[in-house]
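The exercises below are meant to be worked through with the sequence and the coordinates side by side. Try each task before reading the solution that follows.

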Amino acid sequence: MNADYHLFINQVKRKTGIDLALYKEAQMKRRLESLRDKRGFGSFELYYQAMSKDQSLFNEFLERMTINVSEFYRNKKRWEVLEEKILPRLLKENTRLKLWSAACSTGEEPYTLAMVMASFMPLSHISILATDLDKEILKRAKIGLYTDRSLKEVPKDVLSSHFMKEPMGYKVVDEVKRTVNFKHQNLLSDTFASQYDLIICRNVMIYFTEEAKHELYQKFSNALRPGGVLFVGSTEQIFHAEKYGFETEDTFFYKKKEETSS
């Protein structure tokens, strides 16, 4: 069975450039076995052959292997630290911030960032890059329609000013949507731009191997300007942050040391 799975991940890598070997094997294999069995295939080899001919099956596979659970203001206390402590310091150093929401899933995170930034400046002055591996998820993010489940932490004044009530839920208003530029990206293999003031990458690293995490933390460090900040998820504390040129600015916020060059 392991040989069948390892052949499968090699085939997927050749076809897509996505290296499933960089994800924790037990979790990824269990998730994909469940999908494969649900679709009635007795082996990963048969499943891959079918996926190669059926685009909808392939899209379903991509969506299952990526992690698409999100909500607005997830772990709200951390967003309060961002608004009250991190952003005021960054804005003293740069009035126009270079912002990136990595592995943005269905868009709740970059839109939350836009709404937080709106307390400091007009929406027309805000520009956020948001990237994800899953192209179908990015299409949903661009639409910006969400159910009540995603919105339980949204402050009432933000809900009334930045969302429109629709029959199927709540839609992010166009002025907020225009602040976010959604792009397809493979974090593990693509190169990053540089001189970011803030990179948010939350609740994704837990799915990667230690080797992949090490590589990504270094890439994020290189992508930040000195003094820039990496904001990670609440289960993703970076041990030995100094190894990547970081120092802890607050819990789950890592500042790139001033003396470290980009």
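**Exercise 1.** Find the salt bridge that glutamate 93 forms with arginine 89, and state where the two residues lie and how far each is buried or exposed.

*Solution.* Step one is the distance: the closest N and O atoms of glutamate 93 and arginine 89 are 3.1 Å apart, which meets the rule that a side-chain nitrogen of Lys or Arg lies within 4 Å of a carboxyl oxygen of Asp or Glu. Before going further, note that this is a predicted model, in which local features need pLDDT of at least 70, side-chain atom pairs count only at pLDDT 80 or more, and totals for chains, interfaces and linings use all residues. Residues are numbered from 1 along each chain as its sequence is written, and side-chain values use heavy atoms, with hydrogens and water left out.

Step two is the location: both residues belong to helix α5 (residues 76-93), 4 residues apart, about one turn of the helix; helices here are DSSP runs of H or I with at least four residues, strands are runs of E with at least two, and both are numbered from the N terminus. Step three is the accessibility, where buried means under 20% relative accessible area, exposed over 50% and partly exposed in between, with a 1.4 Å probe and protein chains only. Arginine 89 counts as buried because its relative accessibility is 16%, whereas glutamate 93, at 36%, counts as partly exposed.

**Exercise 2.** Compare the settings of two further salt bridges, glutamate 136 with lysine 139 and glutamate 60 with arginine 39, and then place the pair from helix α5 in its network.

*Solution.* Begin with glutamate 60 and arginine 39, whose side chains meet at 2.5 Å, N to O. This pair links distant parts of the chain, since glutamate 60 sits in helix α4 (residues 55-65) and arginine 39 in the loop between α2 (25-38) and α3 (44-53), 21 residues apart. Glutamate 60 is partly exposed at 23%, and arginine 39 is partly exposed at 36%.

Next, glutamate 136 and lysine 139 meet at 3.1 Å, N to O; they are separated by about one helical turn because they stand 3 residues apart in helix α7. Glutamate 136 has 30% relative accessibility and counts as partly exposed, as does lysine 139 with 49%. Finally, Arg89 and Glu93 are joined with Asp197, Arg225 and Glu249 into one network by salt bridges that share partners. The count of salt bridges by this rule comes to 15.

**Exercise 3.** In what order do the 7 strands of the open sheet lie, and which helices pack on the sheet?

*Solution.* The strand order is β6-β2-β1-β7-β8-β10-β9, with mixed pairing, where two strands pair if DSSP finds at least two bridges between them. The edges are β6 (180-184) and β9 (246-250), each pairing on one side only. Within the sheet, β1 (residues 99-102) and β7 (residues 196-201) pair in the parallel sense over 3 bridges, and leucine 99 has leucine 198 as its bridge partner in β7.

Helix α6 (residues 108-117) packs on the sheet and touches β1, β2 (128-132), β6 and β7, contact meaning heavy atoms within 4.5 Å. Its direction makes about 150 degrees with that of β1, with axes fitted to C-alpha atoms, for helices over the stretch in contact, and angles running from 0 to 180 degrees between N-to-C directions. Helix α10 (residues 210-223) lies across β1, β7, β8 (224-232), β9 and β10 (253-256), and runs at about 135 degrees to β8.
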